[in-house]
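Here are a few notes to go with your first look at this one. Have the viewer open and follow along point by point.

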Amino acid sequence: MEKGQVDHSYRVYSILLGIIYNLGHSLILSFLFRSTRLAGETSRTTVRRYTGDSTPYSFPVTPLYFSTEWAAEPPFTPQDFSRQDEAVDTSFYSKPRLLYHIDEPAAASLTQYYRNNIKRGSDILDICSSWISHYPLEFPDTMGNICATGISANELQYNEQLTAGYKQADLNAKLQIPYPDNSFDVVTCVVSIDYLIDPIGALQEVHRVLRQGGKVMISQSNRYFPTKAIALWLRTNHQEHLDLINGFFKYSGDGFEPRTAFDITATLPDTNAHPDPVFVVEAIKA
Ligand SMILES: C[S@@+](CC[C@H](N)C(=O)[O-])C[C@H]1O[C@@H](n2cnc3c(N)ncnc32)[C@H](O)[C@@H]1O
């Protein structure tokens, strides 16, 4: 370089370095952002798959009948509501289970049933809830408030179907649904009534939080944690489970009329397939 000439090369190098640095930075950021977005999309995709909206399943709804004539006074004993594992329930649920407790056709049949049987604009509470409430994906847009209560905040915090939050509550430790009187049009409870040691008292609580004319939908299948289910549930079959729930309603004060039951088990094109059965008992707050 001749004397008096200005050396611009360091400027060119620093500009190039700046470009490389900024490019690298934004590539790293966009990768991180994409990973986060994909994680969210993955969970939504899983939920979408379990709604039955684009599956070859059919969703028949068959009315069932209660077959037990319940006496005027409850025939149950304290032993009926005992469990193999009597430790506090919060310890059993201390590790979150972010999974489906029923198979895909069963979850899908519930979703379809809810779509066809919950009125637009309803305020809904899912009790004994977890990370999933099985509601149709459009519910946040078509319903009022959607809330949940369950024993595990670690599971409830991932429930993307709630529009008005959740409240953690151990109903076996303190029998109080943590919402005010007359707050909801619909209460749902999926594969969980068998874990409550006072299901009659729990239904009285459901009655309290429901508005007049509101509906409770209790569903069950053939799955349960045997150490945590009440003894009465373990020694009874599907039909008897329906009758038991009907009895729990009756002894909760006869404030629920009418009470109806349905088999909503999905059917599959492969007739050799046997999806989990799903039964719903519904009752209206009189
Ligand atoms: C088999 S999981 C079903 C969860 C959810 N309903 C579903 O369909 O995926 C059983 C649920 O029962 C509820 N549960 C069990 N014991 C409970 C208790 N003592 N108090 C309140 N909820 C309880 C918990 O919220 C737990 O997630």
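1. Confidence first, as this is a predicted model. The average pLDDT for the protein is 88, and 84% of the residues score at least 70.

2. Two stretches call for some care. Residues 1-6 stay under 50 in pLDDT, and the model gives them 1 contact beyond four places in sequence. Residues 25-42 are also below 50, with 0 contacts beyond near neighbours in sequence. Where pLDDT is low, the predicted coordinates should not be read in detail.

3. Now the sheet. There are 8 strands in an open sheet with mixed pairing, and going across you meet them in the order E1-E7-E8-E6-E5-E2-E3-E4. Strand E1 (62-64) and strand E4 (166-168) are the edges, each pairing on one side only. From one strand to the next, the twist averages 20°.

4. Have a look at the E4 edge. Strand E3 (residues 146-150) runs parallel to E4, and 3 bridges join them. Gly150 has Gln168 in E4 as its bridge partner.

5. Which helix packs on the sheet, touching strand E2 and strand E5? That's H6 (residues 199-209), which also touches strand E6 (210-220), strand E7 (256-263) and strand E8 (279-285). The direction of H6 makes about 140° with that of E6.

6. Last, the ligand. Of the 18 residues around the ligand, those that come nearest are Cys128, Gly150, Asn172, Val190 and Ser192. You've already met Gly150, as the bridge partner of Gln168. Sorted by class, the shell has 8 nonpolar, 7 polar and 3 charged residues.

Technical notes: Residues numbered from 1 in each chain as written. Predicted model: local features only at pLDDT ≥ 70, side-chain atom pairs only at ≥ 80, totals over all residues. Near = placed C-beta within 6 Å. Nonpolar A, V, L, I, M, F, W, Y, C, P; charged D, E, K, R; others polar. Pairing = 2+ DSSP bridges. Helix = DSSP H or I, 4+ residues; strand = E, 2+ residues; numbered from the N terminus. Axes fitted to C-alpha atoms, helices over the stretch in contact; angles between N-to-C directions. Contact = placed C-beta atoms within 7 Å. pLDDT = per-residue confidence, 0-100.
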